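Please open the model in a viewer and keep the sequence panel at hand. The tour below proceeds by selection, with a brief account of what each one shows.

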Amino acid sequence: MMTNGLGAIIGGYASGAVVDAFSVYADGMLVSREWPDIWFIFAGYALVIGILFALVFKYKHQPEELSKK
């Protein structure tokens with residue numbers, strides 16, 4: 001639900017806001033977009049999520065449970 005539902009909606013609006021923030025308009029028309037800046041923001045976000053995942057995820061390897069089955 002969160003990944004494909006609410007998460008996708010929030011992510012869509014957030015990514016649109018980032019792209020709009022780095023878009024250049026003149027006379028109400030789109031002139032250009034600063035794609036390197038946009039991609040660096042997205043890459044930074046992915047880096048933060050990766051670091052948080054590494055810090056928060058705790059895998060509990062218990063081989064004795066597998067051998068009982």
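**First stop: Trp-35**

Begin by selecting Trp-35, which is placed in helix 2. The model is a predicted one, and every value quoted here is computed from it. Trp-35 has a relative accessibility of 41%, so it counts as partly exposed. Next add Val-19 to the selection: the two residues are 16 positions apart in sequence, and their C-alpha atoms are 8.3 Å apart in space.

**The whole chain**

Now show the chain as a cartoon. Three helices and two strands are present, and from the N terminus their order is α-β-β-α-α. Switch to a surface representation. The accessible surface amounts to about 6,100 Å², and 70% of it belongs to carbon and sulfur atoms. What percentage of the 69 residues is buried? The share of buried residues is 7%.

**The strand pair**

Select residues 23-26, which form strand 1, together with residues 29-33, which form strand 2. These strands run antiparallel and are joined by four bridges. To locate one of the bridges, pick Val-24, whose partner in strand 2 is Ser-32.

Ser-23, also in strand 1, merits a selection of its own. Is Ser-23 buried or exposed? With a relative accessible area of 11%, Ser-23 is buried, because the cut-off for that class is under 20%. Display its side chain and the backbone of Val-19: the side chain of Ser-23 reaches the backbone oxygen of Val-19 at 2.6 Å. Val-19 is thus the residue already selected alongside Trp-35. Leaving aside residues up to four places away in sequence, Ser-23 touches Leu-30, Ser-32 and Arg-33. Of these contacts, Ser-32 is the bridge partner of Val-24.

**The hairpin loop**

Move to the loop between strand 1 and strand 2, and select Asp-27 there. The hairpin has two residues between its strands. Which sign does the phi of Asp-27 take? Although Asp-27 is not a glycine, its phi is positive, at about 55°. Asp-27 has a relative accessible area of 82% and is therefore exposed.

**The aromatic pairs**

Finally, display the aromatic side chains as sticks. Two aromatic pairs are counted. In the pair of Trp-39 and Phe-42, the ring centres are 5.7 Å apart and the planes lie at 80°, an edge-to-face arrangement. Both residues belong to helix 2 (residues 35-56); they are three residues apart, which means a separation of about one helical turn. Trp-39 counts as exposed, at 53% relative accessibility, whereas Phe-42, at 25%, counts as partly exposed.

Then select Phe-53 and Phe-57. How far apart are the centres of these rings? The distance is 5.1 Å, and with the planes at 15° the pair is stacked, because planes under 30 degrees apart fall into that class. Phe-53 counts as exposed, at 54% relative accessibility, while Phe-57 counts as partly exposed, at 47%.

Notes. Residues numbered from 1 in each chain as written. Heavy atoms only, no water. Buried < 20%, exposed > 50% of the residue type's maximum accessible area, 1.4 Å probe, protein only. Areas by Shrake-Rupley, 256 points an atom, 1.4 Å probe, with all protein chains shown as cover. Pairing = 2+ DSSP bridges. Polar contact = N/O pair within 3.5 Å; in protein donor to acceptor, adjacent residues only side chain to side chain. Contact = heavy atoms within 4.5 Å. Phe/Tyr/Trp six-rings, centres within 6.5 Å; stacked < 30°, edge-to-face > 60°.
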